[in-house]
Amino acid sequence: MKLYSISILRFDPKPVQLLCTASDLSSFSFFQRSTVGEFMTFFTKTVTERTSPGQRQDVEESDYVFHVYNRSDGLCGVIASDKEYPLRVAYTLLNKLLDEFVTKNPRQKWESGAVTLPFPELDTYLSKYQDPKQADTIMRVQQELDETKDVLHRTIESVLARGEKLDDLIARSDNLSSQSRMFYKSAKKQNSCCLIQ
Amino acid sequence: MSFQDRTTEFQACVANTRARMRNSSSNATTNNALQAKHQKSEFTTVAKKIAYKINETGKYLQRLSQLAKRKTLFDDRPVEIQELTYHIKQSLSSLNSDIASLQQIVRQTSKGSRNKPAQINQHNENIVVSLQNSLADTSMNFKDILEVRTQNMKASQNRTEKFVASTSLNTNPLANNNTTASPFNYDESEPNEDYLALNLGEGANTRYEQMALLENQTDVYSQQRMSSIESIESTISELGGIFSQLAQMVSEQRETVQRIDLYTDDIASNIGSAQREILKFYDKVSSNRALLFKVFGILIVFFLLWVLVT
């Protein structure tokens, strides 16, 4: 599962304006990259225009899925990914990004005109979230819990084996105990009566 | 024909009646009657108001029934229906309280004035009863209409579910704004469902579907979050169970280990004492003293025998 691009757009004062974007098109061949990139920006803008404020949407198109989250304060985030990327992680990422963007660039910076604001965190997030299992907290917790569960299963199996060995040990030590008693008795008997000449 | 000018007569009549009315109004005995009239008119005004309100509520109810009966998927106007329902509920409750207060008035007036004929009391009570009946009828109608409305809503939801399930996601939100020649209909593999959505749409149907989709999307997101957190919770509880199982098994094995401990202690002591015995034996065997004793003992025995024989 891959993320292709993340973009933040301004929705509220029309027209829709692309504020910043980051994309990772390394999975396409070199000659396809420009066309794919253009197609993605175009599609992002159109999808944003068609989403009403306060709405989340997924738009599926041939190989790609565009997750759109149009916040009611005028910002809109779009993630282009493949079909297997989990929805929840995409929306969590969008929430986080939009909040960071708003705290970093207060409203008047992007409210007017055609501005493109720098936001380097987009690239870091894009690369980090290529593997949602590591990046997303809930999935990481789930993964660690699964590993712990696996370890515990193995522990229980070894404890069972230990139980069997302990039973074996009991039998053997019982045996040894009786044999040593016999040995002692015979030694005592030899000591007492049979005096060899 | 000869006209008779009777205007003077007419004017005299008018003046007469006016004087009479003024006279009767100044009469003390008619004060009571007037008070009674006021009371009665109070009762009648209140009763009139209630009847008027019931009539109005009936009209609203008719409008609501008209709206609720429309079994169409589009143009549902839920806002209007909700407003109407709210309005009717409020008026019904206010009518209820009004009729209760009217009953109070009737009881007060019947207790207060004894010189009122019983027929008037009976008449007032009849009016109150009839108003209550009409109010009950309106509320029954209201209930029926609400039931019809919920049934229709269920049916329409079923129908929209069918359509939403059969059409792909990208047709609907885009078809909403641009029903014809949408350039984003890449999904050419399902042209039939496209046409289905577009034909039934006519603009308003897709709006309804889009509303269902809207809720669907936010639902999907929140449901997914909830399910993932639920799975984490269940995993954690599973882990807790596994830990307790582990603890139980280990505590069971503790007894076994203790038994083994006892046995090995036995073995150690037994073997230690056996070793001592054998050492003693070895000492016995390896030392000469015992031999000397044995040899001297045999010699002495032989001497004794010799002595005894000779």
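In this predicted model, A:Phe43 has a relative accessibility of 3% and therefore counts as buried, since the limit for that class is set at under 20% relative accessible area. The ring of A:Phe43 is paired with that of A:Phe39 in a tilted arrangement, the centres being 5.6 Å apart and the planes meeting at 55°. Both of these residues belong to helix α1 of chain A, which spans residues 33-49, and they are separated by four residues, or about one turn of the helix.

A:Phe39 also takes part in a pair with A:Tyr64, for which the distance between ring centres is 5.6 Å and the angle between the planes is 45°, so that this pair, too, is tilted. Whereas A:Phe39 is located in helix α1, A:Tyr64 is found in strand β4 (residues 64-70) of chain A, and the pair therefore ties together parts that lie 25 residues apart in sequence. A:Tyr64 is itself buried, its relative accessible area being 11%.

These residues belong to a cluster, linked by ring pairs, that is made up of A:Tyr4, A:Phe28, A:Phe39, A:Phe43, A:Tyr64 and A:Phe66. Over all chains, the structure holds 11 aromatic pairs.

Aromatic rings are also found in contact with a charged side chain. A:Arg56 is placed over the face of A:Tyr69, at 4.3 Å from the ring centre, and A:Arg56 likewise lies over the face of A:Tyr91, where the corresponding distance to the ring centre is 5.8 Å.

Definitions and conventions: Residues are numbered from 1 along each chain as its sequence is written. Chains are lettered from A and ligands numbered from 1 in the order in which they are written. This is a predicted model: local features need pLDDT of at least 70, side-chain atom pairs count only at pLDDT 80 or more; totals for chains, interfaces and linings use all residues. Side-chain values use heavy atoms; hydrogens and water are left out. Rings of Phe, Tyr and Trp (its six-membered ring) pair if their centres lie within 6.5 Å; planes under 30 degrees apart count as stacked, over 60 as edge-to-face and the rest as tilted. Helices (H or I, at least four residues) and strands (E, at least two) are DSSP runs, numbered from the N terminus. Buried means under 20% relative accessible area, exposed over 50%, partly exposed in between (1.4 Å probe, protein chains only). A charge sits over a ring if NZ of Lys or CZ of Arg is within 6 Å of the ring centre and within 35 degrees of the ring normal.
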